[in-house]
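Biologist: Please take a close look at one part of this model. I would like a connected account of one strand and what surrounds it.

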Amino acid sequence: MISDSIADFLTIIRNANMARKRMIEVHSSKMRVGIARILFEKGYIVNYKLEEGVKPTLKIALKYHPATKAPAIHRIDRVSTPGLRKYAGADNLPRVMNGLGIAIISTSKGLMTDKEARKENIGGEVICFIS
């Protein structure tokens, strides 16, 4: 049996958004912290915090529009799966909603958005789309 911890993480975020949760708490990994860092830098979440201990946990504060209470993350989709990896070269990086969303790319220089990867002229594995 193959488990996909990144897909589980994205599903937790998607479900918490639909339930209008303010805070989620998940087990931590380097990939999850990297995704949370990018979400924070691009304004999709309010904040994140890594709590060390026997089982490190990652706490994420989700972001909503103050007036309409609409979530900041409208769609979050896993692209590359353990059974079917999706790679893109620097010249073939995907554009999400014609540049309005982001694609998270795992490169040799770490996790970055599609725009940063284009600027660095580097390709990699397409992890997910966020809009």
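**Strand β6 and its surroundings**

Modeller: Ile104 pairs across the sheet with Cys128, its opposite number in β8. The model is a predicted one. Five bridges link β6 to β8, strand 124-130, and the two run antiparallel. On β7, Ile105 has Met112 standing opposite. Four bridges hold that pairing, between β6 and residues 110-113, again antiparallel. Two residues separate β6 from β7, and the two strands form a hairpin.

How many residues of strand β6 are buried? Five of the six in the stretch 102-107, so the strand is mostly covered. Ile104 shows what surrounds the strand. Beyond its sequence neighbours within four places, Ile104 contacts Glu125, Val126, Ile127, Cys128 and Ile130, among others. Its contacts also include Leu111 and Met112. Ile35 and Ile38 are on the list too.

Now the core. Nonpolar side chains tend to be buried together in soluble globular proteins. The largest nonpolar core here has 25 residues. Ile104 is among the members that touch the most others, along with Phe9, Ile13, Ile35, Ile60, Leu62 and Ile130. Two or more residues each come from α1 (5-18), β1 (23-27), α2 (30-41), β3, β6 and β8. The largest share is that of α1, with five residues. Another core lies apart from this one. That second core has nine residues, including Ala88, Leu93, Val96 and Ile122.

Through this core, β6 leads to β3, since both elements give residues to it. Strand β3 belongs to an open sheet of three strands, ordered β1-β3-β2 with antiparallel pairing. β1 and β2 are the edge strands, each pairing on one side only. On average, neighbouring strands in this sheet are turned by 20° against each other, direction ignored.

Take the β1 side. Five bridges connect β1 with β3. Ile24 has Ile60 of β3 as its bridge partner. Ile60 is also one of the core members that touch the most others.

On the other side, six bridges join β3 to β2, residues 45-51, also antiparallel. Lys49 stands opposite Lys59 of β3. Five residues lie between β2 and β3 in their hairpin. In that turn, Gly53 has a positive phi of about 160°.

Thr57 sits in β3, which spans residues 57-62. Is Thr57 buried or exposed? Its relative accessibility is 14%, so Thr57 counts as buried, the cut-off being under 20%. Leaving out residues up to four places away, Thr57 touches Lys49, Leu50 and Glu51. Glu25, Val26 and Ser28 are also touched by Thr57.

One helix lies across this sheet. α2 crosses β1, β2 and β3, and runs at about 150° to β2. Ile35, a contact of Ile104, falls within the α2 range of 30-41.

Last, the aromatic rings. The count comes to one aromatic pair. Phe40 and Tyr48 make up that pair, in an edge-to-face arrangement. Their centres are 5.9 Å apart, with 70° between the planes. Phe40 has a relative accessibility of 36% and therefore counts as partly exposed. Tyr48 is partly exposed as well, because its relative accessible area is 23%.

Technical notes. Residues numbered from 1 in each chain as written. Predicted model: local features only at pLDDT ≥ 70, side-chain atom pairs only at ≥ 80, totals over all residues. Heavy atoms only, no water. Buried < 20%, exposed > 50% of the residue type's maximum accessible area, 1.4 Å probe, protein only. Contact = heavy atoms within 4.5 Å. Pairing = 2+ DSSP bridges. Core = buried A, V, L, I, M, F, W, Y, C linked by side-chain atoms within 4.5 Å. Phe/Tyr/Trp six-rings, centres within 6.5 Å; stacked < 30°, edge-to-face > 60°. Axes fitted to C-alpha atoms, helices over the stretch in contact; angles between N-to-C directions.
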